[in-house]
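I opened this model to follow one helix contact and then the metal sites. My notes are below, in the order I looked things up.

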Amino acid sequence: MSSAPQSGGRNPAQPFLSDIQELRRRAREHISQGAVTPGYHADRDTVVKLLNEALATEIVCTLRYKRHYFMAKGIHAEGVAAEFLEHSQDEQQHADQIAARITQLGGEPDFSPDGLATRSHAEYVEGNSLEDMIKEDLVAERIAIDSYREMINYLGQEDSTTRRMLEEILAKEEEHADDLASLLEGMGGQH
Ligand SMILES: [Fe+2]
Ligand SMILES: [Fe+2]
C-alpha cells in the first residue's frame, strides 16, 4: 500500500489528528455531553449565555415584525406588510436555529417572557406610521448586525459550528437591513 509523501517531518506512525482509538474512547467517556466533545475549546457557559441573548433578540424581532405586519396601513402598506411578514418568519427561524444549538451545547434555551426585552439587544418599538415602523426595524437590524459580528469575532476558531450558524444569520440580517433601506427610499416624499 502506498501512502502520500510525508511533509513537515511528521512521523507516519503518529497520525495527523488525535489517534482514532483515543477519539473513540473519549467519545464514549463523555457520551452524556452530547455534541460537546473534549475537543470543544470555547467557554461553553459564555457561548450559551450569548446565544440566549441572541435568542431573545430574535424573539423580540419576530414579535415586532408581526405587530408591524398587522398594523401596516396606507398607500404603501401592501408591499411593506409582505416584507414585514417575511422578516418575522426569518427571525422565527433564526430563533429556532439558535435554540437548537443551545441544546446541542448542553444548555437550556430561555423562552421566558420575564425579562425578554432586557435580554434582547434590539428593542420592541411599535411605531406610529409605516415609515416609523420601517425606521425602527432598520435600527433593530443594525443592532443585530453589530452584535452578531461581535459574537462571531469572539468565537473565532473556538466553536466553528456556532460561528458558521451566526455567519448565516448575519448575512440574512444584512439582507433585511438592505430591504428596509430600499423600502424607505421607495417611500420618499409620498407619505
Ligand atoms: Fe434574525
Ligand atoms: Fe432581521
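**Entry 1: a helix pair.** I began with helix 2 and helix 3. Their axes come within 8 Å and cross at roughly 160 degrees. The model is a predicted one, so I am reading computed geometry here. Parallel or antiparallel? An angle over 145 degrees counts as roughly antiparallel, so helix 2 and helix 3 are roughly antiparallel to each other. I also checked the hand of the crossing, and it is left-handed. Next I sorted the residues in the contact of helix 2 with helix 3 by class. I noted 15 nonpolar, seven polar and four charged residues.

**Entry 2: iron ion (ligand 1).** Which protein donors does the iron ion (ligand 1) have? I listed E58 (OE) twice, then E91 (OE), H94 (ND1) and E173 (OE). They lie 1.9 to 2.5 Å from the ion. Along the chain, these donors follow the spacing E-x32-E-x2-H-x78-E. I then placed two of them on the helices. E58 sits in helix 2 (residues 44-71) and H94 in helix 3, 36 residues apart, so the pair links distant parts of the chain. Buried or exposed? The cut-off for buried is under 20% relative accessible area. E58 has 1%, so I logged E58 as buried. H94 has 4%, so H94 is buried as well.

**Entry 3: iron ion (ligand 2).** I moved on to the iron ion (ligand 2). Its coordinating atoms come from E91 (OE), E141 (OE, listed twice), E173 (OE) and H176 (ND1). The distances run from 2.0 to 2.3 Å. In sequence, the donor residues are spaced E-x49-E-x31-E-x2-H. Here too I looked up a pair. E91 belongs to helix 3 (residues 77-104) and E173 to helix 6 (residues 160-187). They are 82 residues apart, and the pair links distant parts of the chain. E91 counts as buried because its relative accessibility is 1%. E173 is also at 1% and counts as buried.

**Entry 4: the two ions together.** How far apart are the iron ion (ligand 1) and the iron ion (ligand 2)? I read 4.0 Å. Which residue coordinates both? E91 does. E173 also appears in both donor lists, for the iron ion (ligand 1) and for the iron ion (ligand 2).

**Entry 5: back to the helices.** I went back to the first pair with the donors in hand. Helix 2 carries E58 and helix 3 carries H94, and both residues are donors of the iron ion (ligand 1). The axes of these helices are the ones that come within 8 Å.

Definitions and conventions:
Residues are numbered from 1 along each chain as its sequence is written. Chains are lettered from A and ligands numbered from 1 in the order in which they are written. This is a predicted model: local features need pLDDT of at least 70, side-chain atom pairs count only at pLDDT 80 or more; totals for chains, interfaces and linings use all residues. Side-chain values use heavy atoms; hydrogens and water are left out. Donors are N, O and S atoms within 2.8 Å of the metal (3.2 Å for Na, K and Ca); water is not among the atoms, so sites may look incomplete. Helices (H or I, at least four residues) and strands (E, at least two) are DSSP runs, numbered from the N terminus. Buried means under 20% relative accessible area, exposed over 50%, partly exposed in between (1.4 Å probe, protein chains only). Axes are lines fitted to C-alpha atoms, for helices over the stretch in contact, and angles run from 0 to 180 degrees between N-to-C directions. Angles under 35 degrees count as roughly parallel, over 145 as roughly antiparallel, 65 to 115 as roughly perpendicular and the rest as oblique. A crossing is left-handed if the near helix is turned anticlockwise from the far one by less than a right angle, and right-handed if clockwise. Ala, Val, Leu, Ile, Met, Phe, Trp, Tyr, Cys and Pro count as nonpolar, Asp, Glu, Lys and Arg as charged, and the others, Gly among them, as polar.
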